[in-house]
Each structure stands twice: as C-alpha cells, then as structure tokens.
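Let's take a walk through this structure together, moving from the overall fold to a few individual side chains. Please keep the model open beside you as you read.

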Amino acid sequence: MNRKIQMTKRCIREALFECLKEKDINKITISSLCEKADINRSTFYKYYGSQYDVIKEMEQEVIQLINEKLNDQPKETSFIQLLQFLKSNQETIKIFFECNVDNEFPKQVLALDSINNQLEQVSQNNPYIKNYILFGSLATIQQWIDAGCIESCEEIANIINSIVDKLVR
C-alpha cells in the first residue's frame, strides 16, 4: 500500500476515534467523519463502505498484532503478555469494546491460539465450562479496562486464574 493511501486511512481512523470519544458510532455520519478527517466522501468510499468497516479493519489489525506478539511468548506467560498489550492500548481497546460493532472482537481477543490452548486444558473440552470461563474472563478484563487498568496485569491474571481454579476443582 502506498504512503498516500496509508496516510488517508490513518486520517480516517484518527477522525473516527475522535468522534467515538464524543458519541456512539451509530450517531456518527460519514459526512461528519469526512469533515473531521478533511477528506471528501468519495475518498472515504474509495476505501470503506461505512464507519463500521473502519472499526472492523482496525479490530482485525489489533488481533493480528496480538497474535504476532504472543506467538513468540511461552504459553505460561501469554495471558500476562495479552493483558500487558491490552493495558498499553487501553484507550483503543475500550473504544472497541464500547462501540460493539463486532460482537466477536472481545471473544477473538481470548480465542488466540496460545490462550485458547490453555483454556481447552482447563475446561476439559466441556463447552459450557469453556464459555463460562471465556465470558467471565472477558467481563473481568473489560471492567479492568473501564476502570483504567489500576491493578497490575499480574493481579488481574491471578484473579482470573484463581476463579478458574475454583471452577474446575
């Protein structure tokens, strides 16, 4: 992708993030987004079909970044590494969780291979236990992010791990 396209897409993304700080994604018009990004509508539609497409593309890039970061990590530390990534990108992650464009995004965050393998071992392939652990962990992580990541990544990992340990006994 050439630099001009990258720069245009970055302007659109930054404008969308600024708009999302002020209002819900459903209330953001393409016109207001283009005005904030200082581009015309035809330029926007050259790359995206809607504001939702911009978010989806950004979410997929974040999932890819997380995957790349965790692939090099030992499985024992991958959950803490994930939490550290989420904490260092908490403003972006919080917006993704709040705008709820793709209901699969939060699940994809914990469905990464390194995390999923650990989850499979703990849940003993029981889909009910796996979903309970998955959604409970997501709710805990979202609450942690919403509160500003006050606790350390290790504390949150210990909280989640201790709950999971109690569940599978």
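**A walk through the helices**

The backbone oxygen of Ile25 is a good place to begin: in this predicted model, a polar atom of the Gln51 side chain lies 3.4 Å from that oxygen. Gln51 itself sits in helix H4, which covers residues 51-71. Is Gln51 buried or exposed? Its relative accessibility is 8%, and because buried means under 20%, Gln51 counts as buried. Setting aside residues up to four places away in sequence, the neighbours that Gln51 touches are Leu16, Ile25, Ile28, Ile30, Leu33 and Phe44.

Now step back to see the whole chain. The protein has 10 helices and 0 strands, so to speak an α-α-α-α-α-α-α-α-α-α run when read from the N terminus. Along the principal axes, its C-alpha atoms fill a box of roughly 60 × 30 × 30 Å. Of its 169 residues, 37% count as buried. Take the contacts between residues at least 6 apart in sequence: 63% of them join residues at least 24 apart.

Where do the nonpolar side chains gather? In soluble globular proteins, nonpolar side chains tend to be buried together. Here the largest nonpolar core holds 47 residues, and Leu83 and Leu86 touch the most other members. At least two residues of this core come from each of helix H1 (3-22), helix H2 (30-37), H4, H5, helix H6 (90-99), helix H7 (104-110), H9 and helix H10 (153-168). The most generous contributor is H4, with 7 residues. For a look at one of the two leucines, find Leu86: beyond its neighbours within four places in sequence, Leu86 is in contact with Ile66, Ile93, Val109, Ile141 and Ile145.

Leu86 also takes us to a helix pair. Two packed helices are described by the angle between their axes and the distance between the axes. For helix H5 (residues 78-88) and helix H9 (residues 127-146), the axes come within 11 Å and cross at roughly 35°. This crossing of H5 and H9 is right-handed. On the H5 side the contact is made by Phe79, Leu83, Leu86 and Lys87, and on the H9 side by Ile141, Trp144 and Ile145. By character, the residues of the contact of H5 with H9 are 6 nonpolar, no polar and 1 charged.

Helix H6 is the next stop. Which residues of H6 are buried? They are Ile93, Ile95, Phe96, Phe97 and Cys99. The cover over these buried residues of H6 includes H1, H4, H5, H7 and H9.

Back in helix H4, look at Leu65. With a relative accessibility of 45%, Leu65 counts as partly exposed. The C-alpha atoms of Leu65 and Phe85 are separated by 9.3 Å, and the two residues are 20 apart along the chain.

Finish in helix H1, where Arg13 is found. Although its side chain is charged, Arg13 counts as buried, at 17% relative accessibility. What does the side chain of Arg13 make a polar contact with? Its partner is the side chain of Glu57, at 2.6 Å. Not counting residues up to four places away in sequence, Arg13 touches Tyr48, Val54, Glu57, Met58 and Glu61.

Key:
Residues are numbered from 1 along each chain as its sequence is written. This is a predicted model: local features need pLDDT of at least 70, side-chain atom pairs count only at pLDDT 80 or more; totals for chains, interfaces and linings use all residues. Side-chain values use heavy atoms; hydrogens and water are left out. Helices (H or I, at least four residues) and strands (E, at least two) are DSSP runs, numbered from the N terminus. Buried means under 20% relative accessible area, exposed over 50%, partly exposed in between (1.4 Å probe, protein chains only). A polar contact is a pair of N or O atoms within 3.5 Å; within protein, one must be able to donate a hydrogen and the other to accept it, and residues adjacent in sequence count only if both atoms are side-chain atoms. Contact means heavy atoms within 4.5 Å. Axes are lines fitted to C-alpha atoms, for helices over the stretch in contact, and angles run from 0 to 180 degrees between N-to-C directions. A crossing is left-handed if the near helix is turned anticlockwise from the far one by less than a right angle, and right-handed if clockwise. A nonpolar core is a set of buried Ala, Val, Leu, Ile, Met, Phe, Trp, Tyr and Cys residues joined through side-chain atoms within 4.5 Å.
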